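Student: I would like to practise reading a few features from a model. Could we go through them in turn?

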Amino acid sequence: MIKAHVKALNFEDALASYVEMLETGVEPDNFTYPALLKACAQLRTLDEGMQIHGNVIKFGLECDVYVQNSLISFYGKCKKIGSACSVFEHMEDKSVASWSAIIAAHASLGLWNECLMLFGQMNRLGFWRAEESILVSVLSACTHLGFLDSGRSTHGALLRNMPELNVIVQTSLIDMYVKCGRLDKGLSLFRNMKRKNHMSYSVMISGLAMHGRGRKALTLFSEMLEEGLKPDEAVYVGVLNACSHAGLFNEGLSFFEEMRSEHGIDPTVRHYGCVVDLLGRAGKVCEALELAKSMPIEPNEVIWRSLLSACKVYGELEIGEIAANEIFKLDPEKHNLGDYLALSHLYAQAQRWDDVARVWSEMAKRGISQKPGFSSVEVNRRTHRFVSQDMNPAQCKGVYEMIHQMEWQLKFEGYLPDTSQVSINDDEEEKRERLKGHSQKLAIAFALIHTSQGSLIRITRNVRMCSDCHTYTKYITVIYGREITVRDRNRFHHFKDGTCSCGDYW
């Protein structure tokens with residue numbers, strides 16, 4: 001009866017049946033608890049689940065592998081990773097399902113590095129034939145961390161272990177390749193899918209948007225409609241993002257209206273966020289503010305942050321102050337470093353140095369320290385991370401000499417440093433020196449020294465690229481004949497022959 005209730009999604013009834021079972025004196029066995037713990041996991045009822053864990057111990061079933069696996073899964077879904085790890089570590093005989101449960105528990109909390117560490121440990125202990133669910137969790141970790149080589153290895157393991165990949169796994173593979181910079185591979189897998197669903201199209205449309213291929217994303221959306229698939233909320237988020245990133249202003253507004261009128265989809269806060277971003281990127285900052293104020297849904301910090309970012313690009317100080325204050329009001333206790341830095345940059349652009357000092361003083365008062373932005377570059381299968389003004393002797397040997405050589409050649413190409421990107425009241429010469437040490441430039445210099453002529457340079461950043469680094473990188477591709485791909489948080493820039501895939505619209 002408990003299993004039947006769980007299968008029918010009547011989770012409360014499953015718990016009630018268990019209580020009745022105990023009251024009538026029927027003793028549970030190892031078949032009782034997996035279904036019961038699944039019910040608790042679905043309901044996220046931590047207290048009841050912990051009481052059931054107590055009953056497991058009381059009836060002497062704490063060493064049963066099926067019960068232990070269910071406990072790991074339950075604690076993972078209730079975000080009690082410490083308890084899940086405790087059960088896992090005390091297991092004498094771990095099965096592949098045990099490893100699957102603990103890896104999935106870490107994946108559900110976004111602990112991606114730990115997922116890969118556990119997968120490596122599992123392989124070293126001889127559990128070489130991984131389940132599909134484990135490989136999908138590992139694939140998600142590679143996607144979020146941008147680990148292309150690990151993702152390729154996981155793809156190989158899937159092909160070796162699975163006779164046929166289902167739509168979910170194929171879509172996960174597409175997502176991994178797209179978010180690790182291999183749009184071509186993601187598109188190839190997508191085109192070769194025998195059966196596609198909403199999620200497949202959504203992932204591919206969003207992927208094309210990330211890589212600045214807005215027109216191609218809209219073409220794919222048209223193909224989806226021709227296939228007879230009705231678009232959902234997630235697909236329209238991708239479509240609106242594609243319009244925003246590619247500067248397709250009129251098309252974006254048209255799709256936003258079409259979503260409601262033709263497909264009956266009520267816009268969520270994410271859709272409004274896309275339109276605010278669309279307006280902001282197009283320089284229509286006042287219209288973006290009006291939309292944020294008139295929304296039928298309460299705007300969240302993402303919407304105000306998009307507006308603040310647009311104000312930073314276009315130097316709209318007054319509206320930027322409004323956006324920043326709205327962000328600070330939404331969660332007075334939790335403040336994002338990037339919001340303060342954006343506001344500080346706006347004041348610096350306006351030469352209001354007293355206000356710049358006030359913002360930094362407020363940050364210090366709240367204990368907000370500036371985490372260094374970094375750029376990572378992969379050379380000889382090793383990842384090297386650089387921070388701005390990095391002086392690490394282990395990896396900076398020859399880098400600053402290379403920077404000096406690059407700067408010399410850049411002058412002949414007409415490059416002029418954009419010192420407005422430095423939010424410190426220094427003289428022009430000092431600002432130019434600071435720009436030279438930006439992490440992206442150090443990573444490029446390192447790659448030019450240590451990679452072969454003509455090879456692709458891949459860089460991953462944790463903060464948004466400044467306009468000076470963007471211009472600088474375009475010139476470098478001309479001087480050195482290299483292609484450079486930069487993952488800028490959730491956006492890819494493909495630099496080649498002095499141009500960028502974003503069309504300088506970012």
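Tutor: We will take domains, cysteines and strand pairing in that order, keeping in mind that this is a predicted model.

Student: Into which domains is the protein chain divided?

Tutor: The protein chain has domain 1, covering 267-370, and domain 2, covering 374-500. Their C-alpha centres are 27 Å apart.

Student: How many disulfides does the structure hold?

Tutor: A disulfide covalently joins the sulfur atoms of two cysteines. The structure holds 0 of them.

Student: Why is cysteine 63 without a bond?

Tutor: The closest cysteine sulfur to that of cysteine 63 belongs to cysteine 85 and is 18 Å away, which is too far for a bond. A pair would have to lie within 2.5 Å. Cysteine 63 is also exposed, at a relative accessible area of 62%. Cysteine 85 is in no disulfide either, and the nearest cysteine sulfur to it, in cysteine 115, is 11 Å away.

Student: Is strand 1 largely enclosed or open, and what is the reason?

Tutor: In a regular strand, side chains alternate between the two faces of the sheet. Strand 1 spans residues 374-379, and 5 of its 6 residues are buried, so the rest of the structure largely encloses it.

Student: Which strands pair with strand 1?

Tutor: Strand 2, residues 382-387, pairs with strand 1 in the antiparallel sense over 6 bridges; serine 375 stands opposite phenylalanine 386 there. These two strands form a hairpin with 2 residues between them, and asparagine 380 in the turn has a positive phi of about 55°. Strand 3, residues 457-461, also runs antiparallel to strand 1, joined by 3 bridges. Here threonine 460 is the bridge partner of serine 376.

Note on methods: Residues are numbered from 1 along each chain as its sequence is written. This is a predicted model: local features need pLDDT of at least 70, side-chain atom pairs count only at pLDDT 80 or more; totals for chains, interfaces and linings use all residues. Side-chain values use heavy atoms; hydrogens and water are left out. Domain bounds come from an automatic or database domain assignment. Buried means under 20% relative accessible area, exposed over 50%, partly exposed in between (1.4 Å probe, protein chains only). Helices (H or I, at least four residues) and strands (E, at least two) are DSSP runs, numbered from the N terminus. Two strands pair if DSSP finds at least two bridges between them.
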